[in-house]
Amino acid sequence: QVQLVESGGGLVQAGGSLRLSCAASGSIFSYTMGWYRQAPGKLRDLVAAITSGGSTNYADSVKGRFTISRDNAKNTVYLQMNSLKLEDTGVYYCKGSTWGLDYWGKGTLVTVSS
């Protein structure tokens with residue numbers, strides 16, 4: 001079982017950037033890792049994911065603005081968020097998946113202001 005801890009959230013103006021990190025307590029080499037966002041009053045949705053082989057996919061709303069990456073040596077996954085919009089506000093959760101099991105972090109809050 002791996003524990004995930006997100007960091008890097010905060011308050012940023014529209015058009016700004018943030019980099020989120022998800023640190024794992026153990027090896028994530030075989031994990032598909034993902035970032036999810038839950039806006040106020042809405043369901044938790046996939047923002048970006050990266051497989052163990054490095055393949056990525058993104059929600060249409062963030063394509064060209066967000067980049068997911070991983071550093072297996074550091075057991076860490078990142079989400080670089082550029083050109084932030086008001087609608088990017090929400091709690092961002094990290095998820096690790098392997099062998100049918102999902103592990104979630106507790107989330108980090110991102111607030112984009114005008």
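Contact means heavy atoms within 4.5 Å. Keep that cut-off at hand for the exercises below, which all concern a predicted model.

**Exercise 1. The overall fold**

Work out which secondary structure elements build the protein chain, and in what order they come.

*Solution.* Start with the counts: the protein chain has 0 helices and 11 strands. Next, read along the sequence, where the pattern is β-β-β-β-β-β-β-β-β-β-β. Now check the packing. The radius of gyration is 13 Å, close to the 13 Å that the globule rule gives for 114 residues, so the protein chain is as compact as a globular protein of that length. For the dimensions, take the C-alpha trace along its principal axes, which spans about 40 × 25 × 20 Å.

**Exercise 2. Inside, outside and charge**

Describe how the protein chain divides between buried residues and accessible surface, and how its charged side chains are placed.

*Solution.* Begin with the interior: of the 114 residues, 44% are buried. Then turn to the outside, where the accessible surface comes to about 6,100 Å² and carbon and sulfur atoms hold 51% of that. For the contacts, look at those with a separation of 6 or more: 54% of them are between residues 24 or more positions apart. Finish with charge. There are 11 positive and 7 negative side chains, and the centres of the two sets lie 2 Å apart.

**Exercise 3. The disulfide**

Find which cysteines form a disulfide, and determine whether the disulfide is left-handed or right-handed.

*Solution.* A search of the whole structure gives 1 disulfide. Its partners are Cys22 and Cys94, with an S to S distance of 2.1 Å. For the handedness, use the torsion about the S-S bond of Cys22 and Cys94: the value is about -80°, so the disulfide is left-handed. Then place the ends. Cys22 sits in strand E3 (residues 18-24) and Cys94 in strand E9 (residues 90-98), so the pair, 72 residues apart, links distant parts of the chain. Last, check burial, for which the cut-off is under 20% relative accessible area. Cys22 is at 1% and therefore counts as buried, and Cys94, at 0%, is buried too.

**Exercise 4. Two residues of strand E5**

Decide for Val47 and for Leu46 whether each is buried or partly exposed, and list what each contacts.

*Solution.* Take Val47 to begin with. Val47 lies in strand E5 (residues 44-50), and a relative accessibility of 2% makes Val47 buried. Leaving aside neighbours within four places in sequence, Val47 is in contact with Trp35, Tyr36, Arg37, Asn57, Tyr58, Ala59, Val62, Phe66, Leu79 and Tyr92. For one of these partners, Phe66, the sequence gap to Val47 is 19 residues and the C-alpha to C-alpha distance is 8.6 Å.

Now move to Leu46, which is also found in strand E5. Leu46 has a relative accessible area of 30% and is partly exposed. With neighbours within four places set aside again, Leu46 is in contact with Trp35, Tyr36, Asn57 and Ala59.

**Exercise 5. Tyr93 in strand E9**

Establish whether Tyr93 is buried or exposed, and which residues Tyr93 touches.

*Solution.* Tyr93 lies in strand E9. A relative accessibility of 13% puts Tyr93 among the buried residues. Not counting residues up to four places away in sequence, Tyr93 touches Glu6, Gly34, Trp35, Tyr36, Gln38, Arg44, Trp104, Gly105, Lys106 and Gly107. Two C-alpha distances help to place Tyr93. Leu46, 47 residues away along the chain, is separated from Tyr93 by 9.3 Å, while Thr67, 26 residues away along the chain, is separated from Tyr93 by 15 Å.

**Exercise 6. Positive phi angles**

Say where Ser83 and Trp99 lie, and whether each is exposed or partly exposed.

*Solution.* Some background comes in handy here: most residues other than glycine have a negative phi. Ser83 has a phi near 50°, a positive value in a residue other than glycine. Ser83 lies in the loop between strand E8 (76-81) and E9, and is partly exposed at a relative accessible area of 42%.

Trp99 is not a glycine either, yet has a positive phi of about 50°. Trp99 is found in the loop between E9 and strand E10 (101-104). With the exposed cut-off set at over 50%, Trp99 at 83% relative accessibility counts as exposed.

Technical notes: Residues are numbered from 1 along each chain as its sequence is written. This is a predicted model: local features need pLDDT of at least 70, side-chain atom pairs count only at pLDDT 80 or more; totals for chains, interfaces and linings use all residues. Side-chain values use heavy atoms; hydrogens and water are left out. Helices (H or I, at least four residues) and strands (E, at least two) are DSSP runs, numbered from the N terminus. The radius of gyration is taken over C-alpha atoms; the globule rule is 2.2 Å times the number of residues to the power 0.38. Buried means under 20% relative accessible area, exposed over 50%, partly exposed in between (1.4 Å probe, protein chains only). Accessible areas come from the Shrake-Rupley method with a 1.4 Å probe; for residues, only the protein chains shown count as cover. Lys and Arg count as positive and Asp and Glu as negative; His and the chain ends are not counted. The place of a charge is taken as NZ of Lys, CZ of Arg, CG of Asp or CD of Glu. A disulfide is a pair of cysteine sulfur atoms within 2.5 Å.
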